[in-house]
Amino acid sequence: MPELPEVETVRRGLTRLVQGATIDHVEVRYPKMVTPERDEFTAELIGRQIEAVDRRGKYLLFRFSGGVTMVSHLRMEGKYDVQPEGSPVTKHTHVIFHLTDDRELRYTDTRKFGRMQLVPTGEEGDRMPSLGKLGPEPTAATLTLAYMVRIFGKSHKVVKPFLLDQTKIAGLGNIYADEVLWLSKINPLTPADELTRDQLASLRESIIAEMKMAIEGHGTTVHSFSTAFGEAGQFQNHLHVYGREGEPCERCGTIIEKIKVAQRGTHFCPTCQPLPVAAREAFAND
DNA sequence: CAGAATGTTTCTCC
DNA sequence: AGGAGAAACATTCT
């Protein structure tokens, strides 16, 4: 489920549901999912209170009393939900946090890609390099045009995978990367360092606006995402290219195409998002 | 049966 | 050093 807007939606739901709750005990059914290993992981959390649920990029940060943070990444299909103690669990429920108020915070993940790790609060970035190396959050205050010009200008990588690189900008995933490129009329195969300052300014505005609107729409439900309240997001109704291959472009009527770029499905309008001449020549040599 | 799926990590080969 | 490409992780769905 998770790009930044979906993770933020989960964070807000969890804050409402379990902020202030106390862990009675923890049940780990799939040990590979947690660090440190199961016995230490479960022992460490007993009796701790969930003081806050924060987010950085696509990572959730559960702030426990006593200076312990649980860093949780949902990867492709991880979900949290809160249920009354003892209500039926599915075979894909892998971690259950039993709360002292007769509720359970459950982590469910059909593909088992998600991971959670305990670290001393404040040491997240040092202990988890991928978290420490995250680029700026995609907001107007943190993602400046000067930064965009600098980092795009020094990379020959094509722009689609560049946007998916969490060390450049935190939070974009495959859906929103395609969407912001369509919004800014940029071809996904354009090398990052060939984007003009105007294009980067447009891209920055698209990223900031798209993240904000998707959060306001409670995220995008395309496969299985649901909020911590078990509700689907709404933003899929606002997607312009993702999953719309074969349909006409809303701007010009051209049929939306789907291609593979860096192993990921990539949707774009071949008319609105033309490849620049220099890049077209570079890709024509096969 | 083959291929894809909202993600990240790791390894190989330039 | 950096980048492209592919594989791995595990499961479901078309």
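In this predicted model, Thr108 has a relative accessibility of 17% and therefore counts as buried, the cut-off for burial being under 20% relative accessible area. Thr108 belongs to strand 8, which spans residues 103-108, and its side chain makes a polar contact of 3.1 Å with the side chain of Thr93. When residues up to four places away in sequence are set aside, Thr108 touches Glu77, Gly78, Lys79, Asp81, Thr90, His92 and Thr93, so that Thr93 appears both among the residues touched and as the partner in the polar contact.

The nonpolar interior was examined next. The largest nonpolar core comprises 30 residues, and within this core Phe41, Tyr80 and Phe97 have the most contacts. Helix 1, covering residues 4-18, supplies the largest share of the core, namely four residues. Phe97 touches, among residues over four places away in sequence, Ile23, His25, Val26, Phe41, Leu45, Met70, Tyr80, Arg103, Glu104, Leu105 and Met116; this list includes Phe41 and Tyr80, which are named with Phe97 for their contacts inside the core. A second core, separate from the largest, has 28 residues, including Phe162, Ile186, Leu195 and Tyr242.

Aromatic side chains were then considered as pairs of rings. A pair of aromatic rings is described by the distance of the centres and the angle of the planes. The count of aromatic pairs comes to three. In the pair formed by Phe152 and Phe162, the ring centres are 4.4 Å apart and the planes meet at 50°, so the pair is classed as tilted. Because Phe152 lies in helix 5 (residues 145-153) and Phe162 in helix 6 (residues 159-164), the pair ties together parts that are 10 residues apart in sequence. Both partners count as buried, Phe152 with a relative accessibility of 0% and Phe162, a member of the second core, with 1%. One aromatic cluster is formed by Phe62, Tyr80 and Tyr107, and Tyr80 is also one of the residues with the most contacts inside the largest core. A ring and a charge come together at Trp182, where the charged end of Arg251 sits over the ring, 3.7 Å from its centre.

With regard to strand pairing, strand 3 (residues 50-56) and strand 4 (residues 59-64) pair in the antiparallel sense over six bridges. Arg56 has Tyr59 of strand 4 as its bridge partner. The hairpin made by strand 3 and strand 4 has two residues between the strands, and in this hairpin Gly57 takes a positive phi near 60°.

Technical notes
Residues are numbered from 1 along each chain as its sequence is written. Chains are lettered from A and ligands numbered from 1 in the order in which they are written. This is a predicted model: local features need pLDDT of at least 70, side-chain atom pairs count only at pLDDT 80 or more; totals for chains, interfaces and linings use all residues. Side-chain values use heavy atoms; hydrogens and water are left out. Rings of Phe, Tyr and Trp (its six-membered ring) pair if their centres lie within 6.5 Å; planes under 30 degrees apart count as stacked, over 60 as edge-to-face and the rest as tilted. Buried means under 20% relative accessible area, exposed over 50%, partly exposed in between (1.4 Å probe, protein chains only). A charge sits over a ring if NZ of Lys or CZ of Arg is within 6 Å of the ring centre and within 35 degrees of the ring normal. A polar contact is a pair of N or O atoms within 3.5 Å; within protein, one must be able to donate a hydrogen and the other to accept it, and residues adjacent in sequence count only if both atoms are side-chain atoms. Contact means heavy atoms within 4.5 Å. A nonpolar core is a set of buried Ala, Val, Leu, Ile, Met, Phe, Trp, Tyr and Cys residues joined through side-chain atoms within 4.5 Å. Two strands pair if DSSP finds at least two bridges between them.
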